[in-house]
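User: I should like a close look at one part of this structure, the way its helices pack against one another. Please give one connected account that a first-year student can follow.

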Amino acid sequence: MGRGLARRPGLRRLRAAATGEALSRTARQVVRAAVGEHEAGHPPLGNGWLEGALAALPERERPATRLALLAALAPYRITEREVAAWPVTDAELVRLLAFGAFAAVEHVERAITPSRPGTAPAPSSATASP
């Protein structure tokens, strides 16, 4: 998130909190891969895309990863059921949802930002591995 972020301290703090630390490294990779697969538009109706993405994860990691995926790709599909399946504090929930949202924003930003010759893309903190 380019220069505009410096002028928005609240957004900068939220971005810093959106680390995905509640997710395992594998779960963060699942979120990044799913975001990368959905280049445009909405995910298909139904939960097949979600279940497919979550299949490689242990059952205990699925509720939080499901929330991050939904925040990234279909936030309008988050229900009380998904939130209740991962009982944490409000602050932890906000950080997880922010991770999913920022993973999607950074994917779009990379897609629409023209690369400059001789410069490498900036590393992404939401999508970077620990």
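Analyst: The crossing of α2 and α6 is right-handed. In this predicted model, the axes of helix α2 (residues 25–37) and helix α6 (residues 90–112) come within 10 Å and cross at roughly 40°. An angle counts as roughly parallel only under 35 degrees, and α2 and α6 are therefore oblique to each other. On the α2 side, the contact is made by Arg28, Val31, Val35 and Gly36. On the α6 side, Phe99, Ala103, Ala104 and His107 take part. Sorted by class, the residues in the contact of α2 with α6 are five nonpolar, two polar and one charged.

One residue of this contact may be examined further. Glycine 36 lies in helix α2. Its relative accessible area is 26%, so glycine 36 is partly exposed; the buried class ends at 20% and the exposed class begins over 50%. Glycine 36 and histidine 107 are 71 residues apart along the chain, yet their C-alpha atoms are separated by 7.0 Å.

Helix α2 also packs against α4. The angle between α2 and α4 is about 25°, and their axes are 10 Å apart. Because this angle falls under 35 degrees, α2 and α4 are roughly parallel to each other. The crossing of α2 and α4 is right-handed. From α2, the contact draws on Ala27, Val30, Val31, Ala34 and Val35, while α4 contributes Thr65, Ala68, Leu69, Ala72 and Leu73. By class, the contact of α2 with α4 has nine nonpolar residues, one polar residue and no charged residues. Val31 and Val35 appear here as part of the contact with α4, and Val31 and Val35 also belong to the contact of α2 with α6.

The remaining pairing to consider joins α4 to α6. These two helices pack at an angle of about 45°, with their axes 7 Å apart. As the angle is neither under 35 degrees nor within the range of 65 to 115, α4 and α6 are oblique to each other. The crossing of α4 and α6 is right-handed. In α4, the residues that make the contact are Ala64, Leu67, Ala68, Ala71 and Ala72. In α6, the residues are Leu93, Leu96, Leu97, Phe99, Gly100, Ala101 and Ala104. The contact of α4 with α6 divides into eleven nonpolar residues, one polar residue and no charged residues. Phe99 and Ala104 of α6 take part in this contact with α4, and Phe99 and Ala104 also serve in the contact with α2. Likewise, Ala68 and Ala72 of α4 touch α6 in this pairing, and Ala68 and Ala72 are listed in the contact with α2 as well.

The loop before α4 also reaches towards α2. Leucine 57 is placed in the loop between α3 and α4. With a relative accessible area of 3%, leucine 57 is buried. Not counting residues up to four places away in sequence, leucine 57 touches Thr26, Ala27, Val30, Arg62 and Thr65. Leucine 57 and alanine 27 are 30 residues apart in sequence, while the distance between them in space is 7.0 Å, C-alpha to C-alpha.

Glutamate 61 is found in the loop between α3 (48–54) and α4 (62–73). Its relative accessibility of 17% lies under the 20% limit, and glutamate 61 therefore counts as buried. The side chain of glutamate 61 makes a polar contact with the side chain of serine 24, at 2.5 Å. Leaving aside residues up to four places away in sequence, glutamate 61 touches Ser24 and Ala27. Ala27 is thus touched by glutamate 61 and by leucine 57.

These details belong to a chain with six helices and zero strands, which follows the pattern α-α-α-α-α-α when read along the sequence. Of the 130 residues of the chain, 38% count as buried. Among the contacts in the chain with a separation of 6 or more, residues 24 or more positions apart account for 63%.

Definitions and conventions
Residues are numbered from 1 along each chain as its sequence is written. This is a predicted model: local features need pLDDT of at least 70, side-chain atom pairs count only at pLDDT 80 or more; totals for chains, interfaces and linings use all residues. Side-chain values use heavy atoms; hydrogens and water are left out. Helices (H or I, at least four residues) and strands (E, at least two) are DSSP runs, numbered from the N terminus. Buried means under 20% relative accessible area, exposed over 50%, partly exposed in between (1.4 Å probe, protein chains only). A polar contact is a pair of N or O atoms within 3.5 Å; within protein, one must be able to donate a hydrogen and the other to accept it, and residues adjacent in sequence count only if both atoms are side-chain atoms. Contact means heavy atoms within 4.5 Å. Axes are lines fitted to C-alpha atoms, for helices over the stretch in contact, and angles run from 0 to 180 degrees between N-to-C directions. Angles under 35 degrees count as roughly parallel, over 145 as roughly antiparallel, 65 to 115 as roughly perpendicular and the rest as oblique. A crossing is left-handed if the near helix is turned anticlockwise from the far one by less than a right angle, and right-handed if clockwise. Ala, Val, Leu, Ile, Met, Phe, Trp, Tyr, Cys and Pro count as nonpolar, Asp, Glu, Lys and Arg as charged, and the others, Gly among them, as polar.
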